[in-house]
Amino acid sequence: MTVARLEPGVGRERARAARTAGLGVDSGSSIAAASLATPGREPRGGPRMRKGTDRPAAPANLGSVPEGDTIHYAASRIRSVLERKVPQEILTPQPRHRFDRWPERLAGRALRSVDPHGKHLFLRFEGGLTLHSHLRMTGAWRVGRRGEQWRRSRRRAWLLLRWEDWEIVQFDGPVLELMSDARTRTDPRFSSLGQDVLGESFDEGDFLRRLRSDDQERPVGDALLLQRTVAGIGNVWKCEACFATGTDPWRALGRVSDEEALSLLRFCRLQMPRSAREGWQARPRTVYGAAGRPCPRCGTAILQRGQGDNNRLTFWCPGCQR
Ligand SMILES: [Zn+2]
């Protein structure tokens, strides 16, 4: 078993989240290989209020938090540069990986495949070694040309892979580990995941079985985020799916019919491929981040409130979402 490093400690992760909060969006590169999304951090503990107003402020970096579409977008960019090629240079600038010898262990090995699953990304190299990444809310992938300006500080790069004049950079972890292929099949973090919402084929019966094996008192919005039910839906897509289908994200799962649950899922499966191809800017922006504005369907002011164990900021219209 070749396990390089487990997830960072919670304290370090919180500190990193605090450092990265409020940074600009990592986009706007003039070339095709634009930067991948730089996520923002949602405020915890309820809505932030704008100074001198009773309207809540929108979350920083509106709508750019990594979700399944972000990961598929990163995967296709990385694939186009490095698949079936041997990286010509591998750097691991993050001090925590100083003694892990990834450059030596991966030297001369071609990247066999780039496999997203939900919010996880697996870079599989020859010789049964896989780099696993999970961006949570603070990490980012960037694919670009050498010499271009990075939107994040070089000190925040955890991994740099070079091929000719291309650079693939992983910023800010927070989960980046080298492991055996075998472990990617047996580790319960991965084996317990539901189907990838962006998977080409999808078994809706399996989705419903997993949904119904969950606590039926759980609000449906929170249930959509459970990666063991379906992998890849995050908070932005949760809010947009609930709005599009007229579903109150606070309604208990037990009062959501199978047909309603499937309509939420189908909205994501229909809409997410576009931002998986084009980047998070292509996501719908109907309700997420729109607190205080009138609902485009019924005119009622859109509300926001933290939901679930992680207090994920939830936006919904109390007028037309039932
Ligand atoms: Zn409405």
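## Close-ups around helix α2 and its sheet

**View 1. Four strands make an open sheet in the order β1-β6-β7-β5, and the pairing is antiparallel.** At the edges stand β1 (89–91) and β5 (140–145), each with a single partner strand, so one side of each has no neighbour in the sheet. Ignoring direction, neighbouring strands here are turned by 10° against each other on average. Keep in mind, for this view and the ones that follow, that this is a predicted model.

**View 2. Zooming in on the sheet, strands β6 and β7 pair in the antiparallel sense.** Six bridges link β6 (residues 157–163) with β7 (residues 166–171). Looking for one pair to pick out? Try Arg162, whose bridge partner in β7 is Glu167.

**View 3. Helix α2 lies across β5, β6 and β7.** Against β5, the helix runs at about 35°. How long should α2 (residues 68–82) be, at 1.5 Å a residue? Its 15 residues should span 21 Å, and the end C-alpha atoms are indeed 21 Å apart, so the two agree. Just past the helix sits Arg84, with a positive phi of about 65°.

**View 4. Helix α2 is largely enclosed by the rest of the structure, because twelve of its 15 residues are buried.** The buried set opens with Gly68, Asp69, Thr70, Ile71, His72, Tyr73, Ala74 and Ala75, and it also takes in Arg77, Ile78, Val81 and Leu82. A residue counts as buried here if 20 or more other C-beta atoms lie within 10 Å of its own.

**View 5. Helices α2 and α9 pack with their axes 7 Å apart.** The angle between α2 and α9 (residues 258–278) is about 40°. That makes the two helices oblique to each other, and their crossing is right-handed. Which residues meet at this crossing? On the α2 side they are Gly68, Asp69, His72 and Tyr73, and on the α9 side Met272, Ser275 and Ala276. Those four from α2 also appear among the helix's buried residues. As for the spacing along a helix, an α-helix has 3.6 residues a turn, so residues three or four places apart point the same way.

**View 6. Gln281 sits in the loop between α9 and β11 (303–307).** Is Gln281 buried, exposed or partly exposed? With 13 other C-beta atoms within 10 Å, Gln281 comes out as partly exposed. Also in this view is Ser64, which is 217 residues away from Gln281 along the chain, yet their C-alpha atoms are separated by 7.6 Å.

Notes:
Residues are numbered from 1 along each chain as its sequence is written. This is a predicted model: local features need pLDDT of at least 70, side-chain atom pairs count only at pLDDT 80 or more; totals for chains, interfaces and linings use all residues. The expected span of a helix is 1.5 Å times one less than its number of residues. Two strands pair if DSSP finds at least two bridges between them. Axes are lines fitted to C-alpha atoms, for helices over the stretch in contact, and angles run from 0 to 180 degrees between N-to-C directions. Two residues are in contact if their C-beta atoms, placed from the backbone, lie within 7 Å. Angles under 35 degrees count as roughly parallel, over 145 as roughly antiparallel, 65 to 115 as roughly perpendicular and the rest as oblique. A crossing is left-handed if the near helix is turned anticlockwise from the far one by less than a right angle, and right-handed if clockwise.
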